[in-house]
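Reader: Hello! Could you take me through one part of this model closely, the way you would for a colleague at the next desk?

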Amino acid sequence: MKRIVCETYDEMSQIGAYVFSEQIWRKPDSVLGFATGGTPAGMYRCLVKMYNDGLVDFSKVTTFNLDEYYPMSKSSSHSYDYFMWDNLFSKINVRRESVYLPNGGAADPEKACDDYERLLESRGGLDIQLLGIGNNGHIAFNEPADELRVRTYVAELTADTIEANSRFFESAADVPRRALTMGMGSIMSARRILMLIAGEKKAPAVKAMFSGRITPKFPASLLQLHPDAVVILDKDAASML
C-alpha cells in the first residue's frame, strides 16, 4: 500500500483527479467506483474542470457507487444518488444509463443487494475504486466487526457512524439506520484502489491503517493486502505517521 502526502487538501484533490483521469486515458471504457462525502468533493470539482478543459472524456465509462442509505429516495437531497449528480455526473458527459448506485428505495433490500452485485460482475468488475475512511476504520458502511461481509449487503449503521453523518441531516434522529453497501470482497476485487484522507481528525485512523496489523475490527487495514492501493493524504491526516 503506497501513500502520498500532500501539503493541502486542494493538492490531494488534484492528484486524485489525475489518477482517475489517467485511468480513463488508458482505458476509455473503464468501470469507475465512486464514493460520497465531503472528502471526495474537491476531487470531483477537479474532474469537472478537467472535463470542461477538454482533458478527459467520460462518454464511455461505467460508474458504480459504494453505498446508499436505506430507505432513501433518489430524489431526496440526502441521497447519495443526489450527491453524485449534484457534484459530478450532471457536470460531465457520462451517460445516465451507465451510472449505477444501490437502490435505496427497493421494496426488497436484500434482493437489491444481490442484483447490484450481479450487475457489477456483469460489467467485469471495477477498474478503480475511490475510498474514504471513517474515524473507526470503516470503509463504505463496512463497520468494525468480528466478521466482515464479502458482497453487497444491508448494513446496520453504528451509533458512531450515525453521529458522524448527522452533520448532513437536521439531526442524528433523521439519519437512516441501515444502508446498502458493497462488501469488503467487492471492494478488494477492484483492480486499483485510491483512498483520499483529509484532516487532523483522521490522523489516528491513518496511523492504525499503516500499523502493519490486519483485523476486521478495523476494516481499512485490509487494504494492506491489495496489490495496487494508493492512499493520498493531506499533511494534517498524515500528522501521526
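In which kind of crossing does α1 pass α2?

Author: Happy to look at that with you: α1 passes α2 in a right-handed crossing, meaning that the near helix is turned clockwise from the far one by less than a right angle, whereas anticlockwise would be left-handed. This is a predicted model, in which local features need pLDDT of at least 70, side-chain atom pairs count only at pLDDT 80 or more, and totals for chains, interfaces and linings use all residues. Residues are numbered from 1 along each chain as its sequence is written, and side-chain values use heavy atoms, with hydrogens and water left out.

Helices here are DSSP runs (H or I, at least four residues), numbered from the N terminus. Helix α1 covers residues 9-26 and helix α2 residues 38-52; their axes lie 8 Å apart at an angle of about 55°. The axes are lines fitted to C-alpha atoms over the stretch in contact, and angles run from 0 to 180 degrees between N-to-C directions. That angle makes α1 oblique to α2 (under 35 degrees is roughly parallel, over 145 roughly antiparallel, 65 to 115 roughly perpendicular, and the rest oblique).

Contact means heavy atoms within 4.5 Å. On the α1 side, the residues that meet α2 include Phe20 and Trp25, and among their partners in α2 are Leu47 and Met50.

The next pair also involves α2: helix α3 (residues 80-87) packs with α2 at about 40°, with the axes 10 Å apart. Here Ala41, Tyr44 and Val48 of α2 make the contact with Phe83, Met84 and Asn87 of α3. Ala41 of α2 also takes part in the contact with α1.

Key:
Helices (H or I, at least four residues) and strands (E, at least two) are DSSP runs, numbered from the N terminus.
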